[in-house]
Each structure stands twice: as structure tokens, then as C-alpha cells.
Amino acid sequence: ETEYGVKALPFGGFVKIDGMTALEPVAPEDEPRAFYRQSAGRRTIVLLAGSFMHFVIAILLVFGIIAATGQDQLNGHPTATIAQVEACVPMNPNATGCATTDPRAPALGKLRSGDTITSVDGVAVSTYTGLVHQLQSHPGESITLDLMRDGHPMSVTMTTVKVTDKAGTEIGKIGISPQVVGNSVSFAGAFGRTFSTLGTFVSGTGKAIGKLPHEIHQIFSGQQRSSDSPASVVDVARVSGQISSSGLGVGDKVAVLLLILAQLNLFVGLFNLLPLLPLDGGHIAIIGFEKARSGIYRLVGRADPGRVDIMKVLPLTYAVVAVFVGLSAILLYAGITNPIRLQ
């Protein structure tokens with residue numbers, strides 16, 4: 001008795017049960033099975049099922065990645081291997097992207113993803129900290145970098161850009177980002193790290209939502225968006241493409257992309273539980289309100305007032321839908337005209 005279908009617009013999957021609200025027409029033979037006629041407990045379980053599965057997928061993905069790689073993908077240490085060469089060197093120490101006045105990165109065209117720097121002007125470096133120290137100690141000076149590229153040694157020469165840091169000290173930069181290697185985690189330790197990783201995702205989502213008004217201002221003012229900005233499906237696709245074309249190994253690319261998928265599942269599950277109609281969380285909130293109101297009426301000896309009049313909450317539902325559609329349109333516009341770029 002279940003009908004399956006494919007919609008012309010692939011905006012997502014859903015399940016629709018006859019009689020989700022008392023406003024929907026239900027065939028007489030289906031009236032006893034209508035959703036709104038079921039007990040509060042049964043309705044709540046059904047409404048929670050979608051978010052529950054999103055959470056299960058997120059947990060399994062994160063645990064599988066950590067257990068399979070033996071690494072904590074969110075807590076690691078940078079290395080002397082290059083992940084990305086930047087287009088510029090920002091002169092503003094607080095900048096998250098390139099301004100039109102920022103100079104071209106000296107490393108652009110000379111270094112590339114996957115290069116491992118072994119020395120700076122004859123001083124051996126084996127860590128990212130050592131590499132940064134040597135680069136910063138040559139502000140505006142010509143330097144020679146020894147490196148390994150595809151297993152072969154080579155050298156390149158460039159002049160660093162002189163930048164004033166937040167402390168007022170002049171330092172040298174060449175415009176590179178390091179590859180980060182996750183800290184080692186045992187199979188048993190993967191259980192704990194799974195939930196702490198998901199906690200980090202939740203915290204990051206909360207911060208992103210809190211920054212939304214500022215982000216909207218940045219979008220319309222043309223400022224470069226940061227990598228942790230709220231994103232649309234267009235941004236997710238672009239970032240996934242940037243990761244796929246980066247200098248990371250195949251295993252690292254797959255792990256990062258699966259982490260993005262886990263984060264999306266976690267976000268959708270949490271978002272769907274917001275106590276706002278037409279989300280499942282809104283329906284659950286109404287069920288909770290009905291049960292609480294019935295209990296209070298029973299205590300004072302009054303008759304059960306029954307179901308909430310859905311017509312009274314429809315205006316709020318329309319307002320919520322309008323806000324969601326508006327925000328989605330703004331983020332979609334931003335994803336096309338001012339996309340998120342990984343630094």
C-alpha cells in the first residue's frame with residue numbers, strides 16, 4: 001500500500017502519511033489509520049525517525065573514517081608538505097581572503113600541492129613550525145627552498161613578502177597552506193573521538209547560525225566569505241571539488257568528503273528537530289503541547305480540549321517557510337557570485 005515516486009525537482013526525499021494533519025482529506029476507509037488519529041507516542045516515534053536515521057548515518061560515517069584511518073581528522077598537526085598555494089599574501093593579518101591591493105603570492109607558479117620543503121636557505125626544516133620560523137625570519141628577502149616533488153629533489157628561489165603581524169613585527173610570507181596530518185587514534189579510542197567530533201560539528205553549526213546576519217551583510221557588500229560561513233548546496237559542491245582537486249592523497253580526499261557528508265547529515269537531523277512548522281520538530285512540539293494541556297485540564301477537572309487547531313498556527317508556518325526560502329535564495333546567490341574558497 002506504499003506508493004513510491006520520483007519528483008521532477010530533486011529537492012530531497014520525504015515520506016507522506018495520510019492524515020498528517022486533520023486538515024487533509026482522508027478516504028473513509030483510511031480514516032481509522034490516519035496519522036492524526038494515532039497515539040501521541042506513535043506519532044512522535046514516526047516524526048523522530050527521519051532525524052534519528054540522519055544521526056545514525058553521521059555516527060557511522062565518522063566512526064568508520066576514524067577507525068579506518070587511525071587518525072583524528074579534526075585534531076592534527078601541520079606538516080612541511082604543502083596542501084595549497086594561495087593566490088596572494090594578505091597584508092591585513094585579520095583578512096580571510098585576498099583584497100585587490102594584496103600582492104601576488106611568491107609561491108604561486110613555483111610551488112604546488114604535495115611539495116615537501118626540506119630546507120630554507122640551507123637551514124633544514126622537518127616541521128611546519130620550523131618552516132614558518134625560517135620564512136618569517138626573512139621578510140622581503142630572496143630565499144632558496146629545497147624540496148621534494150614526486151620523489152625528486154629540487155630547489156626554487158623566490159622573494160618573500162614583508163608583512164606586519166598582529167604584534168607589529170615584520171615577517172616574511174610566501175603564500176602557502178600546510179597539509180595537516182590527524183593525530184593517531186586507536187580503534188577503541190575511535191568511539192570517544194566519534195562523539196567529540198560530532199560535538200565539534202554541532203558547535204560549529206551553532207556558531208555559523210549565530211554569524212548569519214553578519215554573513216548576509218558580507219554577501220551583499222561583496223566581501224570574501226570565510227571557509228566556515230553558512231553554505232548552500234552550491235558551496236558544498238564547490239568545496240568538494242576543491243578538495244578533490246587538491247594535493248591530498250586519495251584516502252585523505254575520501255575521508256574529508258565523507259566528513260562533509262557526515263556533517264550534512266547531522267545538520268539536517270538537528271535542523272529538522274527545530275520546534276517550527278512545517279518541520280518535524282514543529283509537529284512534535286504541537287504533540288507535546290497537546291499532552292501538557294490535556295494533563296493540566298485533567299488536573300483541574302475539565303474536559304480534554306483535544307487537538308490543536310492547526311489553522312491558528314498556519315500564519316506562523318507561512319512566515320517560517322518564507323524565512324527559510326529567503327535564506328536559501330540568499331545563500332544560493334552567494335554560492336554563485338561569491339563562493340566559499342578553502343584557504
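Here is a short exchange about salt bridges and one helix pair in this predicted model.

Me: Before we start, what should I know about the numbers?
Reply: Residues are numbered from 1 along each chain as its sequence is written, and side-chain values use heavy atoms, leaving out hydrogens and water. As the model is predicted, local features need pLDDT of at least 70 and side-chain atom pairs count only at pLDDT 80 or more, while totals for chains, interfaces and linings use all residues.

Me: What makes R193 and D72 a salt bridge?
Reply: The term asks for a side-chain nitrogen of Lys or Arg within 4 Å of a carboxyl oxygen of Asp or Glu. The closest N and O atoms of R193 and D72 are 2.7 Å apart, so the pair qualifies.

Me: Why is D72 called buried, and why is R193 called partly exposed?
Reply: Buried means under 20% relative accessible area, exposed over 50%, and partly exposed in between (1.4 Å probe, protein chains only). D72 has 4%, so it is buried; R193 has 22%, so R193 is partly exposed.

Me: How do you know that R43, E290 and R307 belong to one network?
Reply: E290 pairs with R43 at 3.8 Å and with R307 at 3.6 Å. These salt bridges share a partner, joining R43, E290 and R307.

Me: Why does E290 count as buried?
Reply: Its relative accessibility is 9%, so E290 falls under the buried limit.

Me: What makes up the contact of helix 3 with helix 6?
Reply: Contact means heavy atoms within 4.5 Å. L198, F201, V202 and T205 of helix 3 meet L259, Q263, L266, F267 and L270 of helix 6.

Terms used: Helix = DSSP H or I, 4+ residues; strand = E, 2+ residues; numbered from the N terminus.
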